[in-house]
Amino acid sequence: MENQKIMVTQSTLPPFEEYVDEIKKIWDTHWLTNMGPFHQKFQGLLEEYFGVNNISLFTNGHLSLELLLQAYNLEGEVITTPFTFSSTTHAIVRNGLKPVFCDINSEDFTIDVNKIEELITKDTSAIVPVHVYGNICDVDKIDEIAKRYNLKVIYDAAHAFGVKYKGINCASFGDASMYSFHATKVFNTIEGGCAVYRDPEIGKILDKLKNFGITDAEHVDMVGSNGKMNEFQAAMGICNLRHLEESINKRKQLVELYDECLSNIEGLQILKRKTEIDSNYAYYPIIVDERKFGVNRDILCKELELYNIFARKYFYPLTSEFGCYKQKFDVSHTPVAKKIAQEVLTLPLYPDLPVSMVEEICEIIKNSRKK
Ligand SMILES: *Cc1c(COP(=O)(O)O)cnc(C)c1O
C-alpha cells in the first residue's frame, strides 16, 4: 500500500479462524469472565512456559504491578528508575510509597547497580527495577544487594516476555515480576498481564485483591480492586502463545538487519545485548548524539515522519518529569537517564515489518546525518 503509515509497532494477531474457533466454546458456556476455563487453561500454559508454579493473571499489566506492591504490604521508600513507562512510577505512588529514582547504565539502559546502595536508607523496603527493550537488569547483583539489605525485589518485566538469562526464563528472578500483555507488546492478550512470584501466600492475596478483596459471598477482607482477566483475553493469549516463537524469530531477523545497517554510523549508538541473554527483540532503540551525528533526535524523528515512518521517543520524558511528579522527588541522581531520554528514538519493529522497510528506514537515517 502506498502512503501507508509505518508505526513503531503493530499488534500481533493469530489467524482469524484460529481465534474464532477458540472463542466459539464461550457461546456454549456463557462464561465470560471470573476465572473461567480459558483463564485456567491459559494460566497453566504460562506456568509451563515460564517454568514456574506461581502466576496470577490480570486484566492488564499495570494492575498486576500495583496489586503486587500492595500484596507485599511494602512501606516507605522504593528504589526504581525514571526511564520507564508511566505505569511503574504510578504503581509505586498509588500504593502510598515514595519512589527513589536511581540512574540507569548507558549500555543497556537498565538500573545502574553500582548506584543502588547509596540510595538505600532505613526506610527502603524494596527495589522495583525495569527490564527494558528486551534486555534484562543485572539480576545477580540486584539479588546480592537485596539479600544484604533485606529488601524485596519486584521486577517490571513488561518488556521481557520470553527473555532468558543463562537459559533461565527471567520470570524466575527476584521475589516477583510483572508482565504486560498489552496489544503493543511482544506477546498480547489484547490487554492483559500477569504477576509471577515465589511465595504462594502472595498468590492467595493477589487472587483476592484482583476480585475486590472478596473472601466469600458474605465476607470482604481486603481493600481490593478489579483486575480479573476475561475469557476473550485468555483465549487470545492461548492462540498467540502458539505463534510466539515464530514471531520472536521474525523480530530477531529484523533486529540483526538493523544492527548490520546501523552499527557503524558515527554518532549513533545501538543497543548492546548481553551475551548471556536470549532476547525477545521487543524494541529497537537508537541513541542519537547530536555532536557527532550532526542532527539531534527530534530532527531525525521529524525526518522519518516525512517518509510516513513514525518512530517514538520512548522513553521520553522521564516519569520523574511528568507534570504530576515534577519537583516532587529528588532527581539529582539520574543524569544518565536524563541524557538517554533526550537522545533515544525507538524505530519501527514488529514481526510483519517488511525487510525492505527496515532497509529504507536505515537509508533515511544514514542520509540524515550532517557531517
Ligand atoms: C506496557 C508497560 C507497562 C504497563 O502494562 P499495561 O499492560 O499496559 O498496563 C508497565 N511497564 C512498562 C515498562 C511497560 O512497557
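Where is the place of Phe212? In this predicted model, Phe212 falls in the loop between H6 and strand E10, which spans 214-216. Phe212 is not a glycine, yet its phi is positive, at about 65°. Its relative accessibility is 41%, so Phe212 counts as partly exposed.

A second residue with this backbone feature is Asn34. Asn34 has a positive phi of about 65° and is not a glycine. The loop that holds Asn34 runs between helix H1 (16-29) and helix H2 (37-50). Asn34 has a relative accessibility of 37% and therefore counts as partly exposed. Most residues other than glycine have a negative phi, and most peptide bonds are trans.

Two peptide bonds in the model are described next. A cis bond joins Tyr314 and Phe315, with omega at about 15°. Phe315 is placed in the loop between helix H10 (297-306) and helix H11 (335-343). Another cis bond leads from Tyr316 to Pro317. Its omega is near -10°. Pro317 also has its place in the loop between H10 and H11.

Tyr314 leads on to the ligand. An N or O atom in the side chain of Tyr314 is 3.4 Å from an oxygen atom of the ligand. His159 makes a contact too: a polar atom of its side chain lies 3.2 Å from a ligand oxygen atom. Gly61 uses its backbone instead. One of its backbone N or O atoms lies 2.8 Å from an oxygen atom of the ligand. On its own, the ligand has 380 Å² of accessible area, and the protein covers 93% of it.

Where does the ligand sit? The ligand occupies the largest pocket. Three elements each give two or more residues to the shell around the ligand. They are helix H3 (61-71), helix H4 (86-94) and strand E8 (176-180). The ligand has 16 residues around it. Those that come nearest are Gly61, His62, Asp156, Ser180 and Lys185. How many residues of each class does the shell have? By class, there are four nonpolar, 10 polar and two charged residues.

Helix H3 also holds Ser64. The relative accessibility of Ser64 is 0%; the limit for a buried residue is under 20%, so Ser64 counts as buried. The side chain of Ser64 reaches two backbone oxygens. The backbone oxygen of Gly61 is reached at 2.9 Å. That of Asn60 is reached at 3.1 Å. Gly61 thus appears in two settings: its backbone oxygen is reached by Ser64, and a backbone N or O atom of Gly61 lies 2.8 Å from a ligand oxygen atom.

Two further residues were examined for their surroundings. Is Val113 buried or exposed? Val113 has a relative accessibility of 10%, so it counts as buried. Val113 lies in the loop between strand E3 (98-101) and strand E4 (124-128). Along the chain, Val113 and Cys102 are 11 residues apart. Their C-alpha atoms are separated by 8.9 Å.

Lys204 belongs to helix H6, residues 200-209. Its relative accessible area is 53%; exposed means over 50%, so Lys204 is exposed. Lys204 and Cys362 are 158 residues apart along the chain. A distance of 49 Å separates their C-alpha atoms.

Note on methods: Residues are numbered from 1 along each chain as its sequence is written. This is a predicted model: local features need pLDDT of at least 70, side-chain atom pairs count only at pLDDT 80 or more; totals for chains, interfaces and linings use all residues. Side-chain values use heavy atoms; hydrogens and water are left out. A residue is near a molecule or strand if one of its heavy atoms lies within 4 Å of it. A polar contact is a pair of N or O atoms within 3.5 Å; within protein, one must be able to donate a hydrogen and the other to accept it, and residues adjacent in sequence count only if both atoms are side-chain atoms. Accessible areas come from the Shrake-Rupley method with a 1.4 Å probe; for residues, only the protein chains shown count as cover. On a 1 Å grid over the protein atoms alone, a cavity is a set of points where a 1.4 Å probe fits but cannot get out, and a pocket is an open set with protein on both sides within 12 Å along at least five of seven lines; lining residues have an atom within 4 Å of a point. A molecule sits in a cavity or pocket if more than half of its atoms lie within 2 Å of its grid points. Helices (H or I, at least four residues) and strands (E, at least two) are DSSP runs, numbered from the N terminus. Ala, Val, Leu, Ile, Met, Phe, Trp, Tyr, Cys and Pro count as nonpolar, Asp, Glu, Lys and Arg as charged, and the others, Gly among them, as polar. Buried means under 20% relative accessible area, exposed over 50%, partly exposed in between (1.4 Å probe, protein chains only).
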